Amino acid sequence: MSTLIHPVSNESVVIETLATGDEVVNGDVVDSNSARISQALAKWGLPVQRHQALPDHESLLLEGMRAISERADVCIASGGLGPTEDDLTADIVAKLLGVEVLIDELAVERMKERFAKSGYRFSENNRRSARYPAGAEVRQNEVGTAPAFTIRIGRCQFFFLPGVPSEFDFFVKDFVLPWIQASWPEGSTVTVQLKTLHWGESHLAEAFQDYSRLFPKVRLGYRAHAPEVWLKLTASGASRDAALRSLEPAVDEALRRVGDTVFGRDEEELNHVVHRLLIERKVTLSTAESCTGGLTAQQITLLPGSSAYFLGGVVSYSNALKEKLLGVPSETLEKYGAVSPQVAKAMALGALEHLGSDLSVSITGVAGPSGGTPEKPVGLVQLAVAGTLGKNGKRVKPWVHAVECRFRGGRERIQRASAWTALDLIRRVLQDVEIPKQLGIR
């Protein structure tokens, strides 16, 4: 496959993405395809230089593809391969190259078989999905209907893929990435992304004010993804090894500055980290939630295999259910109120006892937008983690730690921050990291 292109050096290769469709330009559909291929190529050390979105408009598509063909070495395009009249990709490419449009009959037969098995009627319009410009290399679609094709236009090797994310991802993995990796060895740009909690973006940047002076070859980047803030460190060199050598001490210093607020690297998600730790430590978990309405449990059970450790959760939204299902004493509720460290502790211990887990985590708070008071404003959340797990995995008498948080933003943001903090408390216990009495944005 690599013979289809005349490779240039890693340092000068220009890679772009193109998303087509009125729905993308109008904002009805978010172009997540370009984001995912960019992430995959960045790992390979070949960053994407430009993203572009164009509507289903012939002259704009012609102009856009012609410009890309003159400045890029590779373009991964998505969309415009469907069965309707506004799916113009094959026509535009054929017009640019001065060739005819053909029908891939194998793709048509595969569509007919697929439709027959599913009980759908095959329409002659579906033949449009099998169209491609003469001279292109066609690849069959194993997860959908429209095939993909690749062809060179000017200096650029174009890959035209379906816009449906699952189909796009199939072709990226099976077609595009192997071809690019065969054409270029790993690039000489290396990126490490550290994912943190409990930082404001401005506060994190403040902690790194003198960083560029210490590490002039490392480029810093920040991304707020509430309640997370991601710190991206990028280095380039004559080779991948040289870039890594520049990056290693910079990562060590970054970890020293952000400390235990880092929960993961690169593509790691917090619930994945917790999932892995629970399985490795052979620890069971339960949850007791009020203001988050089960969001913590939902994040845990998103992952296949969570039944190995997650015993269940209680959404005790009312005080009555806090008493009945979790055994929270009525006098505790009356004296301290539902949003209090005392009630959070009682909820966590109740879940630990009634659900029989090794660890439990609880949340009670004021998510808003109403219900706050001067003493207990919107955004005040009390959490607790309880367990019978001691240091080095030894079993001990039940213990409990309460944590107070004050979050900003609307209801959904407060709920998300609370659930993520609950997951982080579990991580801290499993990694033997100190649990402070207060958390939240620094």
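Strand β8 is covered on both faces: Cys156, Phe158 and Phe160 are buried on one side, and Gln157, Phe159 and Leu161 are buried on the other. That comes from a predicted model, so here is a short tour of β8, the nonpolar cores and one buried acid, Asp87.

**Strand β8 and its partners**
- β8 spans residues 156-161, and 6 of its 6 residues are buried.
- On the parallel side, 5 bridges join β3 to β8, with Val74 paired to Gln157.
- Strand β7 (residues 148-153) runs antiparallel to β8 and is joined to it by 5 bridges; here Thr150 has Phe159 as its bridge partner.
- β7 and β8 make a hairpin with 2 residues between them, and Gly154 in the turn has a positive phi of about 65°.

**Nonpolar cores**
- The largest nonpolar core holds 38 residues, and Leu278, Leu359, Leu425, Ile426 and Leu430 touch the most other members.
- Elements giving two or more residues to this core include α10 (270-281), β15 (359-365) and α15 (411-430).
- The largest share, 10 residues, comes from α15.
- Apart from this core lies another of 23 residues, among them Ala72, Tyr132, Cys156 and Phe160.
- Leu359 has contacts far along the sequence, including Trp399, Ile426, Val429 and Leu430.

**A buried acid, Asp87**
- Asp87 sits in the loop between β3 (74-78) and α4 (89-97).
- Asp87 is buried but has no salt bridge; Arg128, the nearest side chain of opposite charge, is 5.8 Å away.
- The side chains of Asp87 and Thr84 share a polar contact of 2.8 Å.
- Beyond residues up to four places away in sequence, Asp87 touches Gly80, Leu81, Gly82 and Arg128.

Key
Residues numbered from 1 in each chain as written. Predicted model: local features only at pLDDT ≥ 70, side-chain atom pairs only at ≥ 80, totals over all residues. Heavy atoms only, no water. Helix = DSSP H or I, 4+ residues; strand = E, 2+ residues; numbered from the N terminus. Buried < 20%, exposed > 50% of the residue type's maximum accessible area, 1.4 Å probe, protein only. Lys, Arg positive; Asp, Glu negative; His and termini not counted. Salt bridge = Lys/Arg side-chain N within 4 Å of Asp/Glu carboxyl O. Polar contact = N/O pair within 3.5 Å; in protein donor to acceptor, adjacent residues only side chain to side chain. Contact = heavy atoms within 4.5 Å. Core = buried A, V, L, I, M, F, W, Y, C linked by side-chain atoms within 4.5 Å. Pairing = 2+ DSSP bridges.
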